[in-house]
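Biologist: Could you walk me through this model and tell me what stands behind each label? I would like to follow the reasoning step by step.

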Amino acid sequence: MQASSKPVVTATAAGNVARNESRGMWLGLIGVAVFSLTLPFTRIAVAELSPAFVAFGRAVVAGLCSLALLAWMRAPRPNAQQLRGLVITALGVVVGFPLFSSIAMRYVPAAHGAVVVGLLPLATALFGALRFGERPSAGFWLSALAGSAIVIAFALRAGGGSFHAADFALFAAVITAAMGYAEGGRLAQSMGGQNVIAWALVVALPVMLPVSLWLGWQDGLSASAPAWLAFGYVSLFSMFIGFFFWYKGLALGGIARVGQVQLLQPFMSLLGAAVIAGEALDASNMLFALAVIVVVAIGRRMAVRR
């Protein structure tokens, strides 16, 4: 009886892993859909507000919402080890990505920024492997590299064969975001996705609040309603609500695997930039999107040892 029960237990465990991975992919996709509008709305906001204020101010709005959420949930305080991870998370997704992407959006279209940010899945997988010991298979790495190559080819094509100076700010945004995604995804396994981003924002709030007040006083806050609505989106959705889904997805499905869903983000952003900011969208964009979708589907079937 003991010998016959082993395969049943193994099959059940394998089924649970598969279900968690599928659920993680869907939650990750919701998060990516929310994030995909970040660059178009950031571009609208920084047209009238300073990039630094948009970057730091949105963290303040989200941080105040986080204080209310944590108090309402009576969330336990993070321990010392979790606090170190939260600081790294905050440096990546609360400070680094918002600041560098806001600077870049002053100089390049949201569509161009979107394709460079398409390197995030590969960078996130690298951080997951180096920091937390995830071991994607060779097939997975080939799929990730293929998807990234498609994104880079798109960026070069859009830039006339060369990168813009603002691309360096975008590359810095990619590196810091990948660091924050991997660290936060790991923390979400023990803290929950909403707690991770909420505590990361609260940890950063003592610095972000005075800096934002000073920037608002220094640069002024005169802007149109569309600019403030765009600021509201990146504050509440990009900086706060989207992470509930994203970090939960990373915790369930794994950092490397779920991170590959981000390959779809550039093309969602292209659609968002066309609808929201009136940027051009042509048929070739959809061909690149289809190629990326195929790569994501292939990568989904490749093994990742956690």
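**From values to labels**

Modeller: Let's start with W246, which is buried, with a relative accessible area of 0%. Please keep in mind that this is a predicted model.

Biologist: Why is W246 called buried?

Modeller: Buried means under 20% relative accessible area. W246 has 0%, so the label applies. Y181 is buried as well, because its value of 5% is also under 20%.

Biologist: What makes Y181 and W246 an aromatic pair, and of which kind?

Modeller: Their rings are 5.4 Å apart, centre to centre, and the limit for a pair is 6.5 Å. The planes meet at 65°, and an angle over 60 degrees counts as edge-to-face. The pair is therefore edge-to-face. Y181 belongs to helix α8 (residues 167–191) and W246 to helix α10, so the pair ties together parts that are 65 residues apart in sequence.

Biologist: Which residues form an aromatic cluster with these two?

Modeller: The cluster consists of F35, Y181, F243, W246 and Y247. In the whole structure, a search finds 13 aromatic pairs. Y181, F243, W246 and Y247 also appear among the residues with the most contacts inside the largest nonpolar core, which has 81 residues. V94, M105 and L201 are on that list too.

Biologist: What does L201 touch, leaving out residues up to four places away in sequence?

Modeller: L201 touches A59, A62, G63, S66, V94, M239 and F240. V87 of helix α4 is 114 residues from L201 in sequence, and their C-alpha atoms are 9.4 Å apart in space.

Biologist: Is V87 buried, partly exposed or exposed, and why?

Modeller: V87 is partly exposed, because its 37% falls between the cut-offs of 20% and 50%. P76, in the loop between α3 (51–73) and α4 (80–104), is exposed, since its 62% is over 50%. P76 is 119 residues from N195 in sequence, with 9.2 Å between their C-alpha atoms.

Biologist: And how do you know that R58 is buried?

Modeller: R58, in helix α3, has a relative accessible area of 2%, and this is under 20%, so R58 counts as buried. Leaving out residues up to four places away in sequence, R58 touches T38, T42, F53, F97, P98, F231, V234, S235 and M239.

Biologist: What makes helix α5 mostly covered?

Modeller: Eight of its eight residues are buried. Helix α5 spans residues 110–117, and its buried residues are A110, A111, H112, G113, A114, V115, V116 and V117.

Biologist: Which residues form a nonpolar patch on the surface?

Modeller: V61, L236 and F237 form that patch, with about 200 Å² of accessible area together. L236 lies in helix α10 (residues 225–253).

Biologist: Why can L236 belong to a patch when its accessibility is 32%?

Modeller: A patch residue needs over 30% relative accessible area. L236 has 32%, so it passes that cut-off, and it counts as partly exposed.

Biologist: How much of the whole chain is buried, and how many helices and strands does the chain have?

Modeller: Of the 306 residues, 53% count as buried. The secondary structure comes to 13 helices and two strands. The chain exposes about 13,600 Å², and carbon and sulfur atoms supply 70% of that area.

Technical notes
Residues are numbered from 1 along each chain as its sequence is written. This is a predicted model: local features need pLDDT of at least 70, side-chain atom pairs count only at pLDDT 80 or more; totals for chains, interfaces and linings use all residues. Side-chain values use heavy atoms; hydrogens and water are left out. Patches are made of residues with over 30% relative accessible area and no salt bridge: like charges are joined within 9 Å, nonpolar side chains (Val, Leu, Ile, Met, Phe, Trp, Tyr) within 5 Å. Accessible areas come from the Shrake-Rupley method with a 1.4 Å probe; for residues, only the protein chains shown count as cover. A salt bridge is a side-chain nitrogen of Lys or Arg within 4 Å of a carboxyl oxygen of Asp or Glu. Helices (H or I, at least four residues) and strands (E, at least two) are DSSP runs, numbered from the N terminus. Buried means under 20% relative accessible area, exposed over 50%, partly exposed in between (1.4 Å probe, protein chains only). A nonpolar core is a set of buried Ala, Val, Leu, Ile, Met, Phe, Trp, Tyr and Cys residues joined through side-chain atoms within 4.5 Å. Contact means heavy atoms within 4.5 Å. Rings of Phe, Tyr and Trp (its six-membered ring) pair if their centres lie within 6.5 Å; planes under 30 degrees apart count as stacked, over 60 as edge-to-face and the rest as tilted.
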